[in-house]
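Visitor: I've got a model open and I'm not sure where to begin. Can we walk through it together?

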Amino acid sequence: MKRKLVGLAAVATASALVLVGCSAAPGGAPSTDGKGKTVTLWLVGADTPDPLRTYLKDEFKKETGATLKIEQQDWSDIVTKLTTALPDANNTPDVTEMGNTQSPTFTNVGAFLDISDMYKELGGSDLLQSFVDAGKVGGKNYTLPYYFGSRYMFYRKDVWSAAGVTVPTTLDEFNQDVATIAQKNPKAIKDFSGFYLGGQDWRDGISWIFANGGDIATEKGGKWTATLESDKSLKGLQQLQDLYKNASKAPNDAKDSNQYIYLNDSDVSTNADNSTTPTSLSAATIMAPGWAHWSLGDASTKDGKTVRTWNDNTFGTFVLPGNDGKPAPVFAGGSNIGISAKSKNPGLSKTLLKIMFSKTYQEMLGKNGLGPANSKYVDSLGDDQFAKALIASSSNSKLTPAAPGWASVEAGNVMEEFFSKIRDASDLKALAQQYDAKITPMLNKK
């Protein structure tokens with residue numbers, strides 16, 4: 001998921017309401033008999049561009065005779081809205097997008113229709129497996145991947161060159177290189193980061209845990225256990241502490257939004273009250289989802305707005321390497337999609353899914369910079385450096401635990417709290433044990 005969830009209370013309420021109101025009974029076969037009917041699709045945010053929305057409406061009308069009504073929701077309150085709408089047959093969307101890490105919250109309480117009978121038809125083993133797992137309960141499929149984004153490195157070629165370092169091929173080399181850049185600070189910029197990693201930026205930081213074979217949590221016999229204190233996770237935490245101390249000057253309360261502004265020569269940050277603060281170059285490297293490249297580059301003005309033009313002489317990309325030289329596991333952003341168990345149009349909703357998982361639509365996603373759910377169509381992303389980095393970084397991507405209570409961990413900002421203590425922790429194992437004890441019961445709460 002690309003955005004933060006809303007408050008913990010909303011998530012707790014979600015579980016209670018959906019459990020009472022929903023049933024995940026099968027919904028029959030796809031239907032083409034929709035004359036006079038309307039099917040509602042919720043899309044979250046503006047990531048799905050207008051041409052794709054128009055295609056879905058037109059193709060759905062052509063195939064079924066029914067009208068497709070697309071309603072855009074906001075990431076900030078999608079959990080709250082799904083909590084209210086999914087149990088209500090008169091107000092539920094028939095089909096809805098949700099963040100991939102939000103899916104377990106609702107699938108574990110029966111909010112979505114069982115679509116296991118369509119799994120192979122919609123792509124089967126060619127679908128992004130980590131997203132499939134996030135939408136699976138008891139071996140049955142309830143939500144499937146819609147699109148993916150992945151994280152990779154954006155860097156200032158000029159700064160790296162001036163510091164005498166080259167693109168790394170292993171994780172250890174990366175850690176050493178960005179510390180070297182921070183130490184040499186070739187442009188003599190105050191508080192300059194070799195690698196800008198916010199003190200609360202766990203979505204990027206967990207790559208170091210994953211790369212060392214660690215994990216946030218594991219499941220056995222239906223019970224989830226947080227594993228931040230495991231030896232492999234601790235090795236990643238030790239590397240993160242070193243990065244925080246020796247490579248990053250990012251504030252301890254910084255999260256994972258808009259890191260790109262510190263890679264540009266000049267930019268602005270937007271404050272909570274919508275005022276802006278000028279920024280200037282203060283980092284040699286950032287980690288961000290692929291779509292960040294649209295916000296990096298030389299600035300110019302078009303129609304009264306600042307636009308960025310990527311400059312290959314100044315900026316570059318590379319995939320974070322793992323300890324074995326292959327891409328390190330990174331957190332995959334993106335969405336899942338499912339049919340409400342309370343939909344009055346399950347057959348027509350299944351037909352909509354068939355359209356969305358068709359070759360035509362999957363390739364339309366790729367051509368618009370969104371990673372297709374079906375790996376057979378990733379070539380549609382193109383062959384520029386951004387597409388190559390997206391494909392390579394996603395090849396070893398991971399998601400957060402598909403535990404019923406994971407959304408409450410996110411909503412409670414528990415990972416942000418934990419990461420903010422890594423830099424100054426005198427005993428990382430004790431810190432990890434403290435948060436394992438806090439997270440484990442949350443993971444198992446439905």
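Guide: Sure. Start with a mixed, open sheet of six strands, in the order β2-β1-β3-β16-β6-β17. Keep in mind that this is a predicted model.

Visitor: Which strands stand at the edges there?

Guide: β2 (67–73) and β17 (371–372) do. Each has a single partner strand, so one side of each has no neighbour in the sheet.

Visitor: What packs on that sheet?

Guide: Helix α3, residues 78–85, packs on it. The helix touches β1, β2 and β3. Its direction makes about 155° with that of β1.

Visitor: And how do β1 and β3 run, parallel or antiparallel?

Guide: Parallel. Two bridges join β1 (residues 38–44) to β3 (residues 95–99). For one residue to click on, try L41: its bridge partner in β3 is V95.

Visitor: What holds strands together in general?

Guide: Strands of a sheet pair through backbone hydrogen bonds.

Visitor: OK, next sheet. What's the order in the one with three strands?

Guide: That open sheet runs β12-β7-β15, with antiparallel pairing. β12 (285–289) and β15 (315–318) are at the edges. Each of these has a single partner strand, so one side is left without a neighbour. From one strand to the next, the twist averages 30°.

Visitor: How many bridges between β7 and β12?

Guide: Five. β7 covers residues 151–156. Within it, M153 has M287 of β12 as its bridge partner.

Visitor: Which helix lies across β7?

Guide: Helix α12, residues 385–394. It lies across β15 as well, and runs at about 140° to β7.

Visitor: Switching topic. How many aromatic pairs are there?

Guide: The structure holds 19. One of them is Y155 with W160, an edge-to-face pair. Their centres are 5.3 Å apart, with 65° between the planes.

Visitor: Are those two buried or exposed?

Guide: Both Y155 and W160 are buried. They also belong to one aromatic cluster with F174, F195, W208 and F318.

Visitor: Which rings have a charge over them?

Guide: Here are two. R156 lies over the face of F315, 5.2 Å from the ring centre. The charged end of K398 sits over F210, 4.4 Å from the centre of its ring.

Visitor: Last one: which residues of α11 are buried?

Guide: In α11 (residues 359–367), they are Y361, Q362, M364, L365 and G366. These pack against α2 (50–64), β6 (143–149), α10 (346–356) and β17.

Visitor: What comes after α11?

Guide: G369 follows, with a positive phi near 80°.

Technical notes
Residues numbered from 1 in each chain as written. Predicted model: local features only at pLDDT ≥ 70, side-chain atom pairs only at ≥ 80, totals over all residues. Heavy atoms only, no water. Pairing = 2+ DSSP bridges. Helix = DSSP H or I, 4+ residues; strand = E, 2+ residues; numbered from the N terminus. Contact = heavy atoms within 4.5 Å. Axes fitted to C-alpha atoms, helices over the stretch in contact; angles between N-to-C directions. Phe/Tyr/Trp six-rings, centres within 6.5 Å; stacked < 30°, edge-to-face > 60°. Buried < 20%, exposed > 50% of the residue type's maximum accessible area, 1.4 Å probe, protein only. Lys NZ or Arg CZ within 6 Å of the ring centre and 35° of its normal.
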